[in-house]
Amino acid sequence: PRLAWCLLRGENATMRFLVVVAMAHAACGMKNCPGVVTLDQYNIYKLLQHFTLLIKFDRRNPYGVMQKTFENVTTRVASVRDLDQFLIGHVSVGRNGENAHLATIYEAVAEDKWPTYKVLRRNGHVATFDGDKRNPEELLYFIQSEAGVKLGLGGTIDEFESIAARYAQSRNYDTRQLLLHEADALAAKIIEKDKAHEKTVKNYIKVLHKVATSDEAWLKNEIARVRRLLDTKLSASKKSDMLDRLKILDAFHIKEHPPPAPIRHITEL
């Protein structure tokens with residue numbers, strides 16, 4: 001009771017951590033999914049006050065290729081440091097009505113669509129994963145994009161991610177010109193040091209200069225175009241290239257999330 005009360009009030013970070021660890025050990029028996037928390041209509045309310053959540057709606061004992069993908073993703077996320085405000089949770093949806101209320105609220109009732117992945121943020125933002133559930137890279141990108149966490153994904157370079165974010169946030173012409181020069185200088189430096197990054201570097205530079213010479217609609221349209229391509233039948237290598245391009249495009253895109261909303265107990269919804 002003392003631990004649960006501390007979690008609810010947020011008065012002791014260590015206590016909150018111990019509660020989450022205890023819950024993770026009971027995460028629906030998924031021993032190959034480190035850090036995954038079992039969620040229900042009672043504890044999700046408490047956790048949403050402190051964490052951004054990736055929620056997986058699925059049967060109690062999932063198996064198969066998509067479960068292996070989930071295990072891959074949770075293992076990789078668990079290895080990333082400084083994710084103290086992000087958690088992955090599993091909601092077991094049973095035919096006996098287990099968590100049916102929660103699944104109904106988040107439109108995750110259809111068994112033929114399991115696993116269903118949702119990102120829930122404390123400000124009320126909810127996003128649904130509609131990519132390839134057998135591809136860990138797509139799910140990781142979804143987490144990074146919608147949960148607002150940095151996972152160090154392949155096909156990205158931190159220094160260019162920083163330049164892209166600063167470019168997107170600035171509306172000052174001189175500032176943007178300085179960032180263009182900074183990016184060009186950084187590109188030459190990285191390529192000279194390690195040719196392995198040349199393709200990724202050139203992709204950043206190409207997108208940056210295209211953004212600089214196009215109107216704002218181009219970026220949104222290009223992101224939509226690449227997303228449509230990812231939904232078509234592509235070879236594994238082509239799909240990987242498209243996903244890498246989407247990551248870079250997304251670095252220049254400022255998402256518009258709703259303003260903070262009060263968090264209510266799930267039984268009030």
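**Exercise 1. Which residues of S4 are on one side and which on the other, and are they buried or exposed?**

Before we start: this is a predicted model, in which local features need pLDDT of at least 70, side-chain atom pairs count only at pLDDT 80 or more, and totals for chains, interfaces and linings use all residues. Residues are numbered from 1 along each chain as its sequence is written, and side-chain values use heavy atoms, with hydrogens and water left out.

*Step 1.* Settle the terms. Buried means under 20% relative accessible area, exposed means over 50%, and partly exposed is in between, with a 1.4 Å probe and protein chains only. Strands (E, at least two residues) and helices (H or I, at least four) are DSSP runs numbered from the N terminus.

*Step 2.* Sort the residues by face. Thr 116, Lys 118 and Leu 120 are on one side of S4, while Tyr 117 and Val 119 are on the other. These residues are all buried, and both faces are covered.

*Step 3.* Draw the conclusion. Five of the five residues of S4 are buried, so the strand is largely enclosed by the rest of the structure.

**Exercise 2. Place S4 in its sheet by finding its strand partners.**

*Step 1.* Use the pairing rule: two strands pair if DSSP finds at least two bridges between them.

*Step 2.* Look to one partner. S4 pairs with strand S2 (residues 52-58) in the antiparallel sense, over five bridges. Here Leu 54 has Val 119 of S4 as its bridge partner.

*Step 3.* Now take the other partner, strand S5 (residues 126-128), which is antiparallel to S4 and joined by three bridges. Val 119 appears again, standing opposite Ala 127 in S5. S4 and S5 make a hairpin with five residues between them, and Gly 124 in the turn has a positive phi of about 100°.

*Step 4.* Widen the view. The sheet is open, has five strands in the order S1-S3-S2-S4-S5, and shows mixed pairing. Its edge strands are strand S1 (36-38) and S5, each pairing on one side only. On average, neighbouring strands are turned by 30° against each other, direction ignored.

*Step 5.* Check the parallel part: S1 and S3 run parallel and are joined by three bridges. In this pairing, Thr 38 has His 90 of S3 as its bridge partner.

**Exercise 3. Find two helices that lie across the sheet, and give their angles.**

*Step 1.* Know how the angles work: axes are lines fitted to C-alpha atoms, for helices over the stretch in contact (heavy atoms within 4.5 Å), and angles run from 0 to 180 degrees between N-to-C directions.

*Step 2.* Take H4. This helix lies across S1, S2, S3 and S4 and runs at about 155° to S3.

*Step 3.* Take helix H6 (residues 136-147). It lies across S2, S3, S4 and S5, at about 25° to S4.

**Exercise 4. Describe two of the aromatic pairs: what is the geometry of each, and which parts does each link?**

*Step 1.* Recall the description. A pair of aromatic rings is described by the distance of the centres and the angle of the planes. Rings of Phe, Tyr and Trp (its six-membered ring) pair if their centres lie within 6.5 Å; planes under 30 degrees apart count as stacked, over 60 as edge-to-face and the rest as tilted.

*Step 2.* The structure holds six such pairs. In one of them, Phe 70 and Tyr 117 are 6.0 Å apart centre to centre, with 35° between the planes, a tilted pair. Phe 70 lies in helix H4 (residues 65-78) and Tyr 117 in strand S4 (residues 116-120), so the pair ties together parts that are 47 residues apart in sequence. Phe 70 is buried at 0% relative accessible area, and Tyr 117 is buried at 1%.

*Step 3.* Turn to Phe 160 and Tyr 204. Their ring centres are 5.0 Å apart and their planes are at 15°, so this pair is stacked. Phe 160 is in helix H7 (residues 158-169) and Tyr 204 in helix H9 (residues 198-212), 44 residues apart. Phe 160 is buried at 3% relative accessible area, and Tyr 204 at 1%.

*Step 4.* Return to Phe 70 for its other partners. Phe 70, Tyr 117, Phe 129 and Phe 142 form one aromatic cluster. The charged end of Lys 56 sits over the Phe 70 ring, 4.7 Å from its centre; the rule asks for NZ of Lys or CZ of Arg within 6 Å of the ring centre and within 35 degrees of the ring normal.
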